Amino acid sequence: MSDRRALHWFRSAALLVPLFLWRTGAVACPPVDDGQAGRLSSTGAVKETVTVSVVEVPVTVIGRDGNPVRGLTAANFEVIDEGQKRSISSFDAIDFTSKDATQAISPLNPAARRNFLLVFDLGFSQPAMIQRAQNAAREFISKSVLPRDRVAVATLDQGRGFRLLTAFTTDRTLLASAINDPKSYRSSDPLQIASQVMFDRATDFSPAGKNLITESAIPDGEMTPRQGNAMAATRNEAETAQLAERDRDVSSRRTVDREIELLAALGNSLRSISGRKQIVLLSEGFDSSLLQGRTAKSMTTDRAEQETVDTSKGEVWKVDNDTRFGNAGSTGLLQQFADVCKRSDVVLHAIDIRGTRVQNTVESGSTESSNEALHALAAPTGGTVFQNTNDLVAQFNRMLHQQEVVYVLGINTPANDPGKFHSLKVKLVNVPGAKITHRSGYYEAGSQSDAERTLTTAEIIINDIPQSDIRIASLAAAFPGSGENAQVPVIVDINGADLIAKSEDESIVADVYVYAFDANGVVRDSLYQRLTLDASRVGEKLRAGGLKYYGTLSLPPATYAVKTLVRLTEQQQNGYARVDVVVPQKSAMAMSRPLFFEDTSRWVLVKGTSHDPNGPYPFTIGESTFIPSASARQRFAVFVANVDNANVDATAASLVSKSGNAFVFDVSPDAKSVELAVRGTQLKTSVQLR
């Protein structure tokens, strides 16, 4: 079907599904199983197989001089998994100072990624300090992170929990939008995880009922009744104030506990993200005495003397041990938080957005103002507190300099207990005086929360992680649009048998995500559509061919990575494809990639949204139109722009016809690739056929 009837059917077929669109600005590998487990061998005995996972462990090595050690090989490392030595099955070395590091869309091992989560602490930050936090965040993104580093933005409020404003992304424009308005920013992209409060754990913080009995103290020694009454009144007033302060401490401690619980939940949910995760907490911090107890300096003289008197008289119930020595429950939560971070390969850094702290003021005299609470959060995870934002860039750059070279060690491990944590230890071999940093362990694949699954879905696109659940193929080509931007049709061929096999009933619900990333990692255009298919009506075509989706992006001249994810949400099954496309200047000479013909009568055709609805239909040869295939490899067409009297030469293909700027070729039998060139120009293209 290569005439206008194809286009008519293509458009009418879109009525089969409801279409929705949102415009946006935006590891352990899967287990390997041979499928033979539990089967009988030819001798009748049970054949037992072992399912294994490939676990990739990123490590950094720092020399005595504080610089990263380069030039190491797999022979320089030894990996111990739960006390058992594992052989290194794969090895990769990534240098972030290399030329490829300047391209955000260059291929990169996901395990080597550096991930930064900027968290605005709205609960422990005064409104006037939020602007300082925003400035620190902007400076961090613009001057410290590299193009291929991934950054996400979130807010923390003890009453509302966490809200992730963006997913981990290379799109600095999206991040800037979130930083500009962290309190109310909302993203419309479902993969940015910004439409709902995440990691919120319900906790009852209503004040507990109190049954506190205050006993009046009668001073020792003889005094007049009036003196005795005055002394008793003073003591009762002091005790009342002491109890009120204790109540305030209890309430404040609950808020602090809430913050630690939320940070721990966040760290745990980040465990499925590949690479090193670094939380950057933008906060003023809280009263460290709620965790560690009051120092002698912070306790008033009257309060200290009163507690001494109460203790000497045996009235120990009047002494608040939590205030003096720290709360055991809060300290335990802090230790749990540190353990979660180590297991999830998360480091927490804190930026003290108050900046320089003053211990004496005209209004209140001598006061204690410290960021010890931020140190208490960061230190157990191996993180740093940046106390003065004026030095933020220099301090962060020193830290990131030590992470410039990452070695990724791959090991094969059994995968028998999903969610089980394995302790890891990596040793250096023949690298004297060097210090190694690596994750403390990994979790066996297969046990993910909803938040982890959503984060992982976004990670598939950012990190180009192959997916084999649903077989898909995609193509994208640039054509003149109705304005300055080019129209870029995106064709996605989805295997119909996979859609039917993975679905549990007659209704097939699939989400299609398409993103166009430029060389800086910015998403210049994107598509999202939910497809709902009735298998009882279209099942025959799905089995015979599949589903062909066609949407159109609008892009300015540049080089792009067009990434497509097809996801069966309920079944958590994915298909992924990436294709790179160059959008030339409107007046520049250009040649399209080969666009293959196919009989579309076997396919369920879905017309998606066009972001250039006034642009001419691009796949037109003379009076005929066609719908290209992302998977066929026989007859094809190429289009040439801005070349007078163009002629196209081809290897392993013969010219069938020429119509204006369109050239049709047949692929030679047994050809493995085709190369094309426009005679008299530098225009060349090629395609692999097998």
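Author: Buried means under 20% relative accessible area, exposed means over 50%, and partly exposed lies in between (1.4 Å probe, protein chains only). This is a predicted model: local features need pLDDT of at least 70, side-chain atom pairs count only at pLDDT 80 or more, and totals for chains, interfaces and linings use all residues. Residues are numbered from 1 along each chain as its sequence is written, and side-chain values use heavy atoms, with hydrogens and water left out.

Reader: Why is Ser274 called buried?

Author: Its relative accessible area is 0%. The cut-off is under 20%, so Ser274 counts as buried.

Reader: Where does Ser274 sit?

Author: In the loop between α4 (225–269) and β8 (276–283). Helices (H or I, at least four residues) and strands (E, at least two) are DSSP runs, numbered from the N terminus.

Reader: What separates the C-alpha atoms of Ser274 and Ala112?

Author: In space, 7.7 Å. Along the chain, the two residues are 162 apart.

Reader: Why does Asn574 count as buried?

Author: Asn574 has 6% relative accessibility, and the limit is under 20%, so the word applies. This residue is found in strand β24.

Reader: Which residues is Asn574 in contact with, leaving aside its neighbours within four places in sequence?

Author: Contact means heavy atoms within 4.5 Å. By that test the list includes Ile460, Gln467, Ser468, Asp469 and Ile470. Leu565, Val566 and Arg567 are also among them.

Reader: Which sheet holds β24, and what is its strand order?

Author: An open sheet of 4 strands, in the order β21-β20-β23-β24. The pairing is antiparallel.

Reader: What makes β21 and β24 edge strands?

Author: Each pairs on one side only. β21 covers 523–534, and β24 covers 573–583. Neighbouring strands of this sheet are turned by 15° against each other on average, direction ignored.

Reader: What packs on this sheet, and at what angle to β21?

Author: Helix α13 (residues 535–544). The helix touches β20 (507–517) and β21, and its direction makes about 110° with that of β21. Axes are lines fitted to C-alpha atoms, for helices over the stretch in contact, and angles run from 0 to 180 degrees between N-to-C directions.

Reader: How do you know that β23 and β24 pair?

Author: Two strands pair if DSSP finds at least two bridges between them. Strand β23 (residues 558–568) has 11 bridges to β24, so the test is met. The two run antiparallel. Lys563 has Arg578 in β24 as its bridge partner. Leu568 has Gln573.

Reader: What lies between these two strands, and which residue takes a positive phi there?

Author: The hairpin of β23 and β24 has 4 residues between the strands. Gln572 takes a positive phi near 55°.

Reader: How many bridges link β20 and β23?

Author: There are 7, in the antiparallel sense. Asp511 is partnered with Arg567 in β23.

Reader: What makes you say that β23 is mostly covered?

Author: Of its 11 residues, 9 are buried. Strand β19 (residues 486–495) is also mostly covered, with 9 of its 10 residues buried.

Reader: Which strands pair with β19, and over how many bridges?

Author: Strand β17 (residues 472–476) pairs with β19 over 5 bridges. Strand β18 (residues 479–480) does so over 2. That count just meets the requirement of at least two, so β18 and β19 count as paired. Strand β22 (residues 546–555) pairs with β19 over 10. Each pairing is antiparallel. A hairpin of 5 residues joins β18 to β19. Opposite Val488, in β22, stands Leu553.

Reader: Why is the space near Thr155 called a cavity?

Author: A cavity is a set of points, on a 1 Å grid over the protein atoms alone, where a 1.4 Å probe fits but cannot get out; lining residues have an atom within 4 Å of a point. The second largest cavity holds about 60 Å³ of space. Of its 10 lining residues, the closest to its centre are Thr155, Asp157, Arg160, Gly161 and Arg163. β6 (150–157) and β7 (161–164) each give two or more residues to the lining.

Methods: 1 Å grid on protein atoms, 1.4 Å probe; cavity = no way out; pocket = protein on both sides within 12 Å on 5 of 7 lines; lining within 4 Å. Points joined across faces, edges and corners; volume = space filled by probe spheres on them.
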